[in-house]
Amino acid sequence: MEPSYRIVPPSQIKTASISDTAGSLGLHDTLHYGIRSLATEMRGGQFENRIAKWEETQDNARLHMLANLYGPSAPMRLLMERQIVSASPHMPGMPQSNIHLDILMGRDETLDPTDFFLGLESGPPLSIHNEMEKKLRL
C-alpha cells in the first residue's frame, strides 16, 4: 500500500519510435514485431493505463485515509479480511459469487455487468453430483 491521496492514477506516457523495433539495418522489423500501425505503437497509452489502474488507485486512497483516521491497524485488518474471504471455497456446480468480498471492497452498492451475467449463458450443470466428483476426483 503506497501512501497517497491520489484519486486518479498517474499518467505514464509511453512513446514508440522506430529505434524500439528496428532491425540490423535500422528499419522496422515486421517479421519480429508485426505490422507497424498506429494501434500497435499506441498500445499501453496514457488513457488505457489510467483505466487499468483506476480501481487500484481508488482502493489505495481509501486504505490510506483509513490509516490516517483509525491508525495503521484498520487497513491491515481490512486487507487481512479480504485475503481470508477471497480464499474461501465455493460450492461446485453453482455460480461463483463472493458477496463477502464485494462488501469489503465497497462494491455491494453498485451494479456491474457481472451482477447479471455470471457465466450462466452455458446453462446450469446437469448434475451437481457429477460436478462434486470432478472436484474431488472420485
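**Figure 1. Glutamate 81 and arginine 77 pair up along helix α5.** In this predicted model, the side chains of glutamate 81 and arginine 77 meet in a salt bridge, with 3.1 Å from N to O. Both residues sit in helix α5, four residues apart, or about one turn of the helix. A bit of helix geometry helps here: an α-helix has 3.6 residues a turn, so residues three or four places apart point the same way. Arginine 77 counts as exposed because its relative accessibility is 54%, and exposed means over 50%. Glutamate 81, at 26%, falls into the partly exposed class. Helix α5 (residues 73–86) is also where the model's confidence is highest, at a mean pLDDT of 93.

**Figure 2. Aspartate 59 and arginine 62 make a salt bridge within helix α4.** Here the N-to-O distance between the two side chains is 3.8 Å. That still makes the cut, because a salt bridge calls for a side-chain nitrogen of Lys or Arg within 4 Å of a carboxyl oxygen of Asp or Glu. The two residues are three apart in helix α4, so about one helical turn separates them. How do they differ in exposure, buried or partly exposed? Aspartate 59 is buried, with a relative accessible area of 14%, whereas arginine 62 is partly exposed at 46%. The cut-off for buried is under 20%.

**Figure 3. Arginine 82 joins Asp59 and Arg62 in a salt-bridge network.** Zoom out a little from the α4 pair and you'll find Asp59, Arg62 and Arg82 linked in a network of salt bridges. Arginine 82 belongs to helix α5. Its relative accessibility is just 9%, so arginine 82 counts as buried. Which residues does arginine 82 touch, leaving aside those up to four places away in sequence? The contacts are Asp59, Leu63, Leu101, Leu104 and Met105. A search of the whole structure turns up four salt bridges.

**Figure 4. Helix α4 packs its buried residues against α5.** Helix α4 spans residues 54–70. Its 17 residues reach 24 Å from the first C-alpha to the last, close to the 24 Å expected at 1.5 Å a residue. The buried residues of this helix are Thr57, Gln58, Asp59, Asn60, Ala61, Leu63, His64 and Ala67, and they pack against α5. Just past the end of α4, look for glycine 71, which takes a positive phi of about 100°.

**Figure 5. Tryptophan 54 shares a nonpolar surface patch with Ile7 and Val8.** Tryptophan 54 is found in helix α4. Together with Ile7 and Val8, Trp54 forms a nonpolar patch on the surface, and the three have about 280 Å² of accessible area between them. Is tryptophan 54 buried or partly exposed? Its relative accessibility is 39%, so tryptophan 54 counts as partly exposed.

**Figure 6. Aspartate 102 and arginine 107 meet close to 3 Å, with aspartate 108 alongside in sequence.** Aspartate 102 forms a salt bridge with arginine 107, and the closest N and O atoms are 3.0 Å apart. Arginine 107 is partly exposed, at 28% relative accessibility. Now move to aspartate 108, which lies in the loop between α6 (99–105) and α7 (113–116). Not counting residues up to four places away in sequence, aspartate 108 touches Asp102 and Ile103. Its relative accessibility is 41%, so aspartate 108 counts as partly exposed.

**Figure 7. The whole chain is helical in its secondary structure elements, with uneven confidence.** The protein has eight helices and zero strands, which read along the sequence as α-α-α-α-α-α-α-α. Of its 138 residues, 16% count as buried. The accessible surface comes to about 11,400 Å², with 60% of that belonging to carbon and sulfur atoms. Among contacts between residues at least 6 apart in sequence, 57% join residues at least 24 apart. The pLDDT averages 77, and 71% of the residues score at least 70. Where should you take care? Confidence is lowest in helix α2 (residues 38–41), at a mean of 62. Where pLDDT is low, the predicted coordinates should not be read in detail.

Technical notes
Residues are numbered from 1 along each chain as its sequence is written. This is a predicted model: local features need pLDDT of at least 70, side-chain atom pairs count only at pLDDT 80 or more; totals for chains, interfaces and linings use all residues. Side-chain values use heavy atoms; hydrogens and water are left out. Patches are made of residues with over 30% relative accessible area and no salt bridge: like charges are joined within 9 Å, nonpolar side chains (Val, Leu, Ile, Met, Phe, Trp, Tyr) within 5 Å. Accessible areas come from the Shrake-Rupley method with a 1.4 Å probe; for residues, only the protein chains shown count as cover. Buried means under 20% relative accessible area, exposed over 50%, partly exposed in between (1.4 Å probe, protein chains only). pLDDT is the predictor's confidence in each residue, from 0 to 100. Contact means heavy atoms within 4.5 Å. The expected span of a helix is 1.5 Å times one less than its number of residues.
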